[in-house]
Structure formats: C-alpha cells, structure tokens
Amino acid sequence: MKRTAVAASTAALLLPLSACGGSAEAGSGSTVTVTVGYQSRTINTVTAGTLLRSLGSFEKQLNSLHDGHTYKVDWQDYATGAPITAQMTAGKVDIGSMGDFPLLLNAARGKQLGRPTRLVSVTGYNLRGGLNTVVTAPGSKLTSLQDLTGKKVSTSVGSAADGTLVRALDRAGIDPDKGISKLNQQPAVGASALSSGGVDALSQFVAWPGLLAYQGKAKALYDGAQLNLPTFHGVTAREDFAKQHPAVLDAFLKAQAAATDYLNAHPVAAAEKVAKATGLPAEVVYLYNGAHGIATFDPAVKPQLVSALKQDVSVLKAAKLTGDIDVDSFVDDQYVKKALGASYARRLIATPAPAASEVWPKGSEKTVSFKSAKELLVYVGGHQGGIRAAYVPDATTGTLWFADKAVWVADGNQLLPFVTPATAQAYIAAHGGARAVSYHEALERAS
C-alpha cells in the first residue's frame, strides 16, 4: 500500500466531526459522570485502565471528595487510541490512555477542533523501545528486517507499533512506503491475517507480539528495543474538563499512582487480576508487566519521554498524518505533580529495574529471579513439569522474552538468549566460536 493510501486512512482522524455531543462529565442534579476511555488489552496502560478499574481505586478517591456530588465512573473499553481521541474531542470521554504516537494525534486533533487535550501522566514505558515488536509466522523463512522487502506487513497506522516499523525500515535502508506493502489493520485483524497467511509479518504493540509467541502463532523478527528510542503510553485529559473538575483529575492521578504502587509491589497478583479482566494469559501479562518485565510503570512525566515524543512528530509528519505539534504545550505535568506531592521528585528520577531472568513456578504466588540465563536453565532443567513460565532478557537489548521462544547461542560456557534470529546472528558474527543452539540443547548444556 502506498503512503498516500495509508495516510488517507488515518488522516480521517484529523477531520472535524459531523456532530458533537455534550460533555460526558455533566450529570443531572448532584451526580457527575466521569467517562474514562481505556484499552483493556493494551496492558502497559493498566494503571490507568484495567488494573485501576479492577482495584476500584478511582471510585474510592472520588468517594472521599465529600464535595456534595455523587460520582459515577463510566469505563469505556477500546482496542486502540484513535476512537478514544474521537470521543474526547466530541466531549464524550474525559480522560483517556494511549500510546505515544496516538497521543500526538490526540494533541493535533484537539488543537484542530478547538478542544485541546493535555498529556497529564505516564503509564508504562520502555526506554529502548521494547514494547513494540515485528513478528512473523512460526514456519516463516524470514529471519531479518531486510527480508521484508516486497512483503505484506500488517500494522495499525498511526500507532506506536507503526512508528517502530517505519523507523526500523528506514534504518535498514528500506523505503517504508515503496519497500513493503503495508496493510492498515486493527491488531486482532492483523493477527488473524498472519495466521491465515494473508500477511508475511505483523508489527504491533503490547501485548499482541507476546501473546502470539506464547500461543505458538508467531515468532519475533524485530525487537523494537534495537532502535534504542523510548516508547511509552500515557494519560490524556480534555483541557476544559481538567479546568472545570481539577479535584476529579487529582483523584484519578492519585488512584493511578496507587494502582502503580500495587503493580510494582505485587506484580504476580496484578498480572492475575489483569488476566482475569482481559482474558489474556497471565503469563503474557507478566512478560510485560512483571517485576523485570518489558514495561516499567511510573506516572511521572520523565524528560526522556517528552524528548522522544518530540522526535516522534517528524515520523508522523513524514507519513502526512499530521503537521507540526507543539509538544511542550501538550505536556502538562502540573496535575500529576500536585497529586503526588513530595513523591513526584523521587518518581521522576527512578530508573527501571535491572534486567533479570525469572521463573514462575506452578502454584506459586511469587517468581524466582536469577543472575544469569544459564542459572535459569539449570533451575528449569531440575524442575521439569513444575514451571508455569520462564523469562529471559535478550543479551543485547535486555528485552524480556519467553525462554522457550528465545533464540539461544552457546559461547564457550555462556548460554545467551536473544529475542530475534537477527540479533543472535549479529552476536555470533562478532564472537568467534559462538553458535546457535536449540532451547532443548541449551537446557542440556546447562545441566
């Protein structure tokens, strides 16, 4: 698909609505309804959506206001960020969460319609870009990004995953428009197309790549962390709503912080809650949201993320999806600073947990961490049949992946895991004597 066709499909997001409804937060009498748009299965937004809803933290905060109003929260679940933006600029959603590229489209649409929105907090992030992955079918002969030339690739145009695809192709010397045939599809549609052979590859955001790999329906081709550029999801609020109901937004951000603290303190329990609410396997949720997962959760609006957002604008402009965007005016951390008080400074400088290998034993409410992937293999080999899931970080990017889905390399006494064949081959090329081994052989060598 040529750029013009792809751009047209998403440029519609920036066209004025034919009709705009009234503000969703305006209730009758003393009742105020707050409408929250979220993406239940985009699991690095859970602290502003799925987990937050499950814990009831927002409702508890609203009930503690005692300002004469009765509050009701209307949770609206969407598959991507685009419909949340459409509803926000129609005045029908007050607070929403979405990825970095959709956030920019949210900013552009709000400005265009004279209904500005503001980025008020962050949910999950990865400083290297590991939240987005390009995958292929299990039996595919494709082993590197270069192999995508002339192939059909499914993605959601304007999404963070699309941004990763465009940047990765550029770096590989492939024209993102003419070098591949890009299909603009919803994640579930793209996943089905990959399974049926309708496309050769799929570029998507959390949790689709991990889910498909876990189900044996895909294998990783490109790890977004190879870009070494931050990617994140955040919370956006309508400016008029924030000004009219600052106490409500304050309650939301305090509740989000509480949900974040719960997830970080109880990662296994949080994964189970999200799995129950979404139907996703808890093992997949933990891959992203676990103690050493691909996503790090913190509501603070870190300078690195704002800087990355500014770099994202050029990608959207090149794709003719938007014009210039004033990121500095879109980002407004005054509300989260007030909500979190003295803890905000600490959160702002907090760093992600170091990469580590982890095993989730069957029947356990805790995971076991290891200093090396080889130590994990020794443990797995000695507990056959007793492992619910085993996770290892890519030896070069640090991206966590399922141990049995990783590409393994033996280098002397070392056993090193990689998310993709390309990163494994790059290591082998640079280290004489290193060679690829199967997961089964890696287990045997470790024992």
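Buried residues (under 20% relative accessible area, with exposed meaning over 50% and partly exposed in between; 1.4 Å probe, protein chains only) account for 57% of the 447 residues in the chain. This is a predicted model, where local features need pLDDT of at least 70, side-chain atom pairs count only at pLDDT 80 or more, and totals for chains, interfaces and linings use all residues. Numbering runs from 1 along each chain as its sequence is written, and side-chain values use heavy atoms, leaving out hydrogens and water.

The largest nonpolar core (buried Ala, Val, Leu, Ile, Met, Phe, Trp, Tyr and Cys residues joined through side-chain atoms within 4.5 Å) has 105 residues, and the ones touching the most other members are Val34, Ile43, Phe58, Phe252 and Tyr288. Helix H10, residues 246–265, chips in the largest share of this core, 9 residues. A second, separate core holds 18 residues, among them Ala403, Ala410, Val437 and Ala446. Back in the largest core, Tyr288 has contacts (heavy atoms within 4.5 Å) beyond four places in sequence that include Ile43, Leu131, Val206 and Pro209.

Helices (H or I, at least four residues) and strands (E, at least two) are DSSP runs, numbered from the N terminus. In helix H17, residues 373–382, the buried positions are Ala373, Leu376, Leu377 and Val380. Viewed down the H17 axis, these fall within an arc of 100° (taken from the directions from the helix axis to the C-beta atoms), so they line one face of the helix. Their cover includes strand E12 (357–361), strand E14 (387–393) and helix H19 (439–446).
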